[in-house]
Amino acid sequence: MQRHAITPRPDWRARARDLGFAFAEIAGEPYWDETAAWEFTAGEIDALEEATNELERLCRAAVAHAVQHKRNDILGIPDAVWALIAGSWQRQEASLYGRMDLWWDGRGPPKLLEYNADTPTALYEAAVIQWEWLTCAFPDMDQFNGIHEALIAAWPRLGIPKRVHFTCQRDSTEDKGTVDYLRDTAMQAGAEARFLYIDEIGWDGGKFVDLENQAMQAVFKLYPWEWLLRDAFGNNVARAPTRWIEPAWRLILSSKGILALLWELFPGHPNLLPAFREPGRCGGAEIRKPLFGREGANISAPGAETPGPYGEEGFVNQQYLELPLVDGRYALIGSWVIDGEAKGIGIREDASPITRDTSRFVPHFFKSA
Amino acid sequence: MRRPLVIALVLMGGGVVMAGALMPGRPRISCDEARAQSLPNADEICLRAASGAGGGGSGHSSWLFWSSSIYRGGSYAGSGGTAVAANTSGSASKVSSGGPSSSGSVSRGGFGGAGASASSGGS
């Protein structure tokens, strides 16, 4: 696992634009960064793939345990919505995608830092942009990236109606780009994919409806479950016949309380770090994360603290491992799980040890065995 | 090869076309090939191939053309395919609007409040 400084393609901005990548730069700063690339060996890619699949197995076992034993306390999920969440798991409503954030320096087992299991982004750049980069910059190399094909293959397996509505908030180019991309994959899989903003969703007294007052039978939402349930329409979710993607049980995994539950259920597992709801139990330096925080907000770690609006819901404390620091950049591996299987990675870097929404996406490659 | 399938063609919205070049030389696929590979949109490919749409000539279609057709102008512009809705461009719609429903009215704006102060719902 090696970071290389490389020369960016002179036309990378035009290429990004042609690819519809509207957030290659954010607030005038590069988000897509091809001044560097990470090289892996085939064995290292195998290690990441195996660790991700193992962690997915642990996570699903933890969800089953949480539902069976009603462990919403450790997860910070209110009693009032637990039946909805448990029901979606018991009906085995399928998940489309998720992104595990992994600590790894190429030695020893990768460690789970958290699981973005509900509304992960950094998807389009991982699935398409870095692949296009590979075909230009390192055409003889390979990349751990079957994300795009896996998404197309996954849609028909979700068991949802052919018409799917896609929704997100206004005013976020990244969110809209992610939703557009997923909508594209759904169309390529044969779905009739419609878009409307989250505030345009209607309620007719018995079901959610779109702008043409057509029933919304299946909805992909890039809008977190904890927000959806808190909104004015939140009480309608349980009585509406809508299938949601991601399903409600993903809230169990997107709560960072899952880190404490995983450690309780699988203590000492090589792909996990000690984690507890209470501080001071990890046996060393700790990082404190809000249960439902996003994009690196409200994090406390040795020597670093970030502002933000989260934390009222409680925190989890995890053993602190500083991300690998190379060339002045801290690197985090995002490992994509599509339809329950590891399908690729994307790497984000930051000058700070805490990865945020402004962290840069850096491509990777490896040499096939 | 970690990327086992040959098709890597995508389009993004806003009328911006992308990326036939992801797999140079492999933009077209026949109906028979699509069926043989059990591609998830094989029916669509065959439908378009049969109608001559898709820019692939007789017997062929193209994922690229299909994708770009979907997004051209925000709505499906080709023939022989499934119509898809144009991007909505309405206002915030935080109003009640009439329409056919069991209660005779539809309320809107009940989602989005919790995220109003956040820049993104993604993570």
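Helix α7 (residues 173–188) of chain A lies across three strands of the same chain, namely β7 (163–168), β8 and β11, and runs at about 170° to β7(A). The model in which this arrangement appears is a predicted one. The strands beneath this description belong to an open sheet of four strands, whose order is β8-β7-β11-β12 (chain A) and whose pairing is parallel. At its edges stand β8 (192–195) and β12 (243–245) of chain A, each of which pairs on one side only. Direction ignored, neighbouring strands of this sheet are turned by 25° against each other on average. Strand β11 (residues 218–222) of chain A runs parallel to β12(A) and is joined to it by three bridges; Phe220(A) has Ile245(A) as its bridge partner in β12(A).

A second open sheet is built from three strands of chain A in the order β1-β4-β22, and here the pairing is mixed. Its edge strands are β1 (2–5) and β22 (364–366) of chain A, each pairing on one side only, and the average turn between neighbouring strands is 30°, again with direction ignored. Within this sheet, β4 (residues 36–40) of chain A and β22(A) run parallel and are joined by three bridges, with Trp38(A) standing opposite His364(A) in β22(A).

The two sheets can be set side by side.

| Strand order (chain A) | Pairing | Average turn between neighbouring strands |
|---|---|---|
| β8-β7-β11-β12 | parallel | 25° |
| β1-β4-β22 | mixed | 30° |

Among the helices, α2 (residues 42–69) and α10 (residues 257–265) of chain A pack at an angle of about 95°, their axes lying 10 Å apart, and α2(A) and α10(A) are therefore roughly perpendicular to each other. On the side of α2(A), the contact involves Leu58(A), Ala62(A), His65(A) and Ala66(A), which meet Ile258(A), Leu261(A), Leu262(A) and Leu265(A) in α10(A). By class, the residues of this contact divide into seven nonpolar, one polar and no charged.

Helix α2 of chain A also holds Thr52(A), which counts as buried because 27 C-beta neighbours lie inside 10 Å. Leaving aside residues up to four places away in sequence, Thr52(A) touches Met100(A), Ser335(A), Val337(A) and Ala342(A). Thr52(A) and Arg99(A) are separated by 47 residues in sequence, whereas their C-alpha atoms are 9.5 Å apart in space.

Helix α6 (residues 147–154) of chain A is largely enclosed by the rest of the structure, because seven of its eight residues are buried. The buried residues of α6(A) are Ile147(A), His148(A), Glu149(A), Ala150(A), Leu151(A), Ile152(A) and Ala154(A). They pack against α5 (123–137) and α7 of chain A, and also against the strands β5 (97–103), β19 (329–338) and β20 (341–350) of chain A.

For chain A as a whole, the secondary structure comes to 10 helices and 22 strands, and 55% of the 369 residues count as buried. The C-alpha atoms of chain A fill a box of roughly 60 × 50 × 40 Å along the principal axes. The radius of gyration of chain A is 20 Å, which agrees with the value near 21 Å that a compact globule of 369 residues would have. Of the contacts in chain A between residues at least 6 apart in sequence, 69% join residues at least 24 apart.

How values were computed:
Residues numbered from 1 in each chain as written. Chains lettered and ligands numbered in written order. Predicted model: local features only at pLDDT ≥ 70, side-chain atom pairs only at ≥ 80, totals over all residues. Pairing = 2+ DSSP bridges. Helix = DSSP H or I, 4+ residues; strand = E, 2+ residues; numbered from the N terminus. Axes fitted to C-alpha atoms, helices over the stretch in contact; angles between N-to-C directions. Contact = placed C-beta atoms within 7 Å. Rg over C-alpha atoms; globule rule 2.2 N^0.38 Å. Buried ≥ 20, exposed ≤ 12 C-beta atoms within 10 Å, placed from the backbone. Parallel < 35°, antiparallel > 145°, perpendicular 65-115°, else oblique. Nonpolar A, V, L, I, M, F, W, Y, C, P; charged D, E, K, R; others polar.
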